[in-house]
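Visitor: Hello! Could you walk me through this structure, one step at a time?

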Amino acid sequence: SQVSNVTGQSTEAVSEQLTSLWNGYKVALEDSESYVDKLAAVGAATASDLEELATAMSKVASSASMMGVNIDQLSAQVATIVSVTRQAPESVGTALKTIYARMGDLKVDGVDEFGTTLGEVSSTLESVGIKVTDETGNLREMGTVMEEVAEKWQGWTEAQRQAIAVAMAGKRQYNNLTALFNNWDMYQNTLAVSQNAIGTLNQQ
């Protein structure tokens, strides 16, 4: 109920979203308050609020966790995209879920609805020096892969950026990914806020 006091949302709605977030990240009950602190701090520091973060993150938590995107990285990605695009948090959560799925389906000979074979995602990234798998052929942590893409982003031409964003996100979601990479300073600041957030909820 502390959370719904901060968000003004019904306790039930918040607790459902948080429960799916904790389940996605397999957070133990006794650790849940420190995770809420993270969301409260990020919400206070950005143009997204705790309710939007909980809504978006509940949509993508289990796939993010599975793909090696930690909760600090996820909340910073969501907050950056929501703050920049002002899209509905559900849409942002779904966009990130799509992006992780595309990056994770590399071993599947699937084709998305625009005819991109998913092996193209890894080969497009490899063409600019980003490896999505390790030496043993296992997927690397996608939170780290996305940070590596972001580090190189500024040095790429507009055409390269578009090719990478479309490969990673698909044509429907690439604006979200572009918003994230074009505002990477905001992501890094938000990441730091989330990592240092203990005690935030009580202050609010």
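Guide: Gladly, and one term comes up often: buried means under 20% relative accessible area, exposed means over 50%, and partly exposed lies in between (1.4 Å probe, protein chains only). This is a predicted model, where local features need pLDDT of at least 70, side-chain atom pairs count only at pLDDT 80 or more, and totals for chains, interfaces and linings use all residues. Residues are numbered from 1 along each chain as its sequence is written, and side-chain values use heavy atoms, with hydrogens and water left out.

Visitor: How many helices does the protein chain have?

Guide: Helices (H or I, at least four residues) and strands (E, at least two) are DSSP runs, numbered from the N terminus. Along the sequence the pattern reads α-α-α-α-α-α-α-α-α-α-α. With zero strands, the secondary structure of the protein chain comes to eleven helices.

Visitor: What percentage of the contacts in the protein chain with a separation of 6 or more is between residues 24 or more positions apart?

Guide: A contact means heavy atoms within 4.5 Å. Of the protein chain's 204 residues, buried ones make up 50%. Among contacts with a separation of 6 or more, the share from residues 24 or more positions apart is 66%.

Visitor: Which salt bridge links helix H3 and helix H5?

Guide: A salt bridge is a side-chain nitrogen of Lys or Arg within 4 Å of a carboxyl oxygen of Asp or Glu, and the count here comes to four. One of them has an N to O distance of 2.9 Å and joins Lys38 to Asp72. Lys38 sits in helix H3 and Asp72 in helix H5, 34 residues apart. Both residues are buried, and the pair asked for is Lys38 and Asp72.

Visitor: Which residue forms a salt bridge with Glu52?

Guide: Glu52 belongs to helix H4 (residues 50-66), and its partner, 34 residues away, is in the loop between H5 and H6. Glu52 is buried at a relative accessible area of 14%, whereas the partner is partly exposed at 47%. The closest N and O atoms are 3.2 Å apart, and the partner is Arg86.

Visitor: What is the phi of Arg86?

Guide: Most residues other than glycine have a negative phi. Arg86 has a positive one, in the loop between helix H5 (71-85) and helix H6 (89-104). Lys26 also has a positive phi, near 50°, and is found in the loop between helix H2 (11-25) and helix H3 (32-45). For Arg86, phi is near 55°.

Visitor: What is the angle between the planes of Trp153 and Phe181?

Guide: Rings of Phe, Tyr and Trp (its six-membered ring) pair if their centres lie within 6.5 Å; planes under 30 degrees apart count as stacked, over 60 as edge-to-face and the rest as tilted. The whole structure holds five aromatic pairs. Trp153 and Phe181 form a tilted one, 4.9 Å centre to centre, with an angle of 45°.

Visitor: Why does the pair of Trp153 and Phe181 tie together parts that are apart in sequence?

Guide: Trp153 counts as buried at 1% relative accessibility, and Phe181 counts as buried at 1% too. Trp153 lies in helix H8 (residues 142-153) and Phe181 in helix H9 (residues 158-182), so the pair ties together parts separated in sequence by 28 residues.

Visitor: Which residues do ring pairs link into a cluster?

Guide: Phe181 also pairs with Trp184, with centres 5.7 Å apart and planes at 50°, so that pair is tilted. Trp184 is buried, at a relative accessible area of 9%. The cluster linked by ring pairs consists of Trp153, Trp156, Phe181, Trp184 and Tyr187.
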